[in-house]
Amino acid sequence: MPEKKPYYISTAIAYTSAKPHIGNTYEIVLADAIARYKRQEGYDVYFQTGTDEHGQKIQQKAEAAGITPQEYVDRVSGEIRRIWDLMNTTYDRFVRTTDPEHESKVQKIFKKMYEKGDIYKGTYVGKYCTPCESFWTESQLVDGKCPDCGREVQDAQEEAYFFRMSKYADRLMQYIQEHPEFIQPESRKNEMINNFLKPGLQDLCVSRTSFTWGIPVEFDPKHVTYVWLDALSNYITFCGYDPDGNHDAHYKKFWPADLHLIGKDIVRFHTIYWPIFLMSMGEPLPKQIFGHPWLLVQGGKMSKSAGNVIYADDLVELFGVDAVRYFVLHEIPFAADGVMTYELVIERINSDLANILGNLVNRTIAMDQKYFGGIVPEPSAPEAVDEELKATALAMPGKVAGKMAELKVADAIDEIFVLLRRANKYIDETAPWVLAKSPQSRARLGTVLYNLLEAIRFAAISLEPYLPDTSARMLSQLNAPNGGLESLTAFGALTAGSRVGAGEILFARLDMAKKMEEINAFQEAKAKAALPPLEIEPYAQEPVDFDTFCRSDLRVVKVKDCQRVKKSEKLLCFTLDDGSGTDRQILSGIAKFYQPEELIGKTLAAIVNLPPRKMMGLSSNGMLLSAVHTEHGEEKLNLVILSDSIPAGAKLG
């Protein structure tokens with residue numbers, strides 16, 4: 001038997017700063033679908049994923065959590081792996097950049113590049129974005145902020161080692177032009193050429209001294225290896241690469257990688273930095289780098305700061321693994337961002353998974369149980385109407401193969417659903433329930449049901465890379481083995497006379513209103529469970545001397561009138577009796593906590609010697625005192641309300 005052809009696919013390693021959301025999780029599911037399909041095609045697949053665990057951002061998060069960086073990344077890496085496993089992904093190796101073997105190899109790679117003259121010591125002066133772990137020049141900023149994430153940047157100046165990018169720029173440009181398949185989709189390639197290579201590459205900072213959580217530079221240990229040289233090297237260090245040249249058999253078999261699957265936001269690092277690093281090391285470049293689009297939430301990128309994050313495990317709890325896999329694989333086109341809302345997920349489950357797929361399987365198995373006692377009938381009475389269904393089934397695997405060769409996974413799934421739709425139409429055309437009424441039509445009825453069962457077998461095997469659990473359940477209902485793609489070259493492999501398995505509902509239809517109620521209740525419960533019942537502001541650390549405190553003039557005031565400020569959702573305008581004989585006006589941003597009319601006549605406390613402040617064109621002369629806290633994630637505010645027996649103007653102290 002000939003040796004299987006190797007195929008190496010990798011995802012980007014997930015950064016261990018936080019739990020991954022469904023947009024992050026899409027990548028591992030996409031890679032899994034491709035890896036599973038390649039196995040179906042007969043390849044010996046090596047599928048690598050894992051976590052990127054060094055950097056300033058992680059050090060800061062660990063310090064804030066009061067634990068060591070290693071403890072922090074252990075927790076987050078474990079959570080990432082749990083979610084990858086939950087999504088039924090079949091990676092062969094889960095790697096971590098804190099692995100001592102990886103760290104040792106990275107140190108050797110750095111030293112070899114330095115000794116070769118590709119790395120030199122200098123000083124970095126510019127702007128730094130901590131969340132992106134990226135340096136920028138002033139001209140690269142967008143509105144003064146990081147061009148990648150839009151966050152604030154900080155001035156940075158520190159001693160650092162730099163990689164001579166310009167040394168390899170022309171060679172990389174030539175390689176990209178000679179290998180048009182190297183960067184996909186085409187739009188990503190054009191972006192790299194026009195925005196980075198043609199304007200000229202700047203030398204790249206590859207070490208830091210302002211933090212310690214990283215791989216130390218062996219010959220200069222006050223420096224740690226900067227994120228990209230560390231992280232990108234994972235693709236070879238864990239595959240068996242040896243910086244001393246003694247590569248193991250695994251590396252010799254699988255490198256260069258067939259596909260690096262990454263998000264479109266890190267294309268630059270993978271298509272410019274990584275190939276140049278490999279050129280410096282004298283190693284072959286990966287065959288293809290695919291920058292997939294994003295999964296957006298109501299048109300925006302998911303982020304904790306935007307408050308629109310959806311997590312994969314929550315979706316699985318609400319809808320099931322295969323429903324979530326189907327949505328993310330089907331709803332994100334080859335080169336355009338996809339959009340996720342709970343309503344869209346429900347609609348897709350109902351229209352595609354319940355109506356088209358689930359209903360077909362359920363009806364067919366039920367009819368075979370009813371009319372033939374669960375025995376697969378003999379297809380002995382063919383008619384012309386059968387041929388289109390057979391032709392659709394036989395053409396489908398080739399069409400799927402064509403789409404998968406181009407990494408158009410959503411389109412490949414659509415080709416399978418063309419067959420499912422055709423099978424549903426075939427039921428309407430042949431009307432088995434009518435055939436069942438006449439004994440003379442029994443042979444024809446058996447042929448119709450056989451053709452439907454066989455079409456379902458084609459679909460079940462073809463769906464395995466995308467909906468693995470559903471595929472297995474379909475084959476279980478047919479009581480048929482997964483014969484692989486080779487069993488789909490002829491229509492008629494299902495054995496007549498065998499018995500189908502027990503029928504079951506693959507996907508139940510969801511009531512939109514009821515499901516949304518369930519989702520809202522689920523989210524509220526999660527929010528309350530995630531938050532402490534009561535949060536108060538931390539005490540101020542800076543001491544205030546007694547004389548400073550005494551300079552604040554705190555007085556009792558009576559509310560004569562209170563009105564909402566026009567064109568403001570927050571402000572209330574108070575007319576107050578402060579005992580001076582002249583009304584005092586104070587504006588306070590408490591409109592969401594109080595109705596104006598409920599405060600008229602109340603006795604409050606105020607600081608009255610603050611300088612006047614203009615708010616919405618009105619003058620505010622002082623500040624009302626209140627208590628603020630957070631309860632179950634919701635901000636609460638209570639004005640300091642005093643006894644009405646205290647006269648206006650009485651001094652507090």
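A disulfide is a pair of cysteine sulfur atoms within 2.5 Å.

**View 1. Cysteines in a model without disulfides.** This is a predicted model, in which local features need pLDDT of at least 70 and side-chain atom pairs count only at pLDDT 80 or more, while totals for chains, interfaces and linings use all residues. Residues are numbered from 1 along each chain as its sequence is written, and side-chain values use heavy atoms, with hydrogens and water left out. A search of the whole structure finds 0 disulfides. The closest cysteine sulfur to that of Cys 562 belongs to Cys 573 and lies 7.8 Å away, too far for a bond. Cys 562 is buried, with a relative accessible area of 3%; buried means under 20% relative accessible area, exposed over 50%, and partly exposed in between (1.4 Å probe, protein chains only). Cys 239 also counts as buried, at 1% relative accessibility.

**View 2. An open sheet of four strands and a helix packed on it.** Helices (H or I, at least four residues) and strands (E, at least two) are DSSP runs, numbered from the N terminus, and two strands pair if DSSP finds at least two bridges between them. The order in this open sheet is S6-S5-S7-S9, with antiparallel pairing. Strand S6 (134–136) and strand S9 (204–205) are the edges; each has a single partner strand, so one side of each is left without a neighbour in the sheet. Helix H10 (residues 267–281) packs on the sheet and touches S6, strand S7 (154–163) and S9. The direction of H10 makes about 30° with that of S7; axes are lines fitted to C-alpha atoms, for helices over the stretch in contact, and angles run from 0 to 180 degrees between N-to-C directions. Strand S5 (residues 119–129) and S6 are joined by 3 bridges, and Cys 129 stands opposite Ser 134 in S6.

**View 3. The largest nonpolar core around Ile 34.** A nonpolar core is a set of buried Ala, Val, Leu, Ile, Met, Phe, Trp, Tyr and Cys residues joined through side-chain atoms within 4.5 Å. The largest has 108 residues, and Ile 34, Phe 319, Leu 357 and Tyr 466 have the most contacts inside it. Helix H13 (residues 342–372) supplies the largest share of this core, 14 residues. Contact means heavy atoms within 4.5 Å. Not counting residues up to four places away in sequence, Ile 34 touches Tyr 7, Ile 9, Leu 259, Leu 261, Met 404, Leu 407 and Val 409. A second, separate core of 63 residues includes Tyr 168, Trp 228, Tyr 251 and Val 267.

**View 4. The covered strand S21 and its partners.** In strand S21 (residues 603–607), 5 of 5 residues are buried. In a regular strand the side chains alternate between the two faces of the sheet. Thr 603, Ala 605 and Ile 607 point one way from S21, and Leu 604 and Ala 606 the other way. Strand S18 (residues 554–564) runs antiparallel to S21 and is joined to it by 5 bridges; the bridge partner of Lys 558 in S21 is Thr 603. Strand S24 (residues 623–624) pairs with S21 in the antiparallel sense over 2 bridges, with Ala 606 opposite Leu 624.

**View 5. Asn 451 within helix H17.** Asn 451 is found in helix H17 (residues 442–463) and counts as buried at 2% relative accessibility. Not counting residues up to four places away in sequence, Asn 451 touches Asp 386, Leu 389, Lys 390, Tyr 426 and Phe 491.
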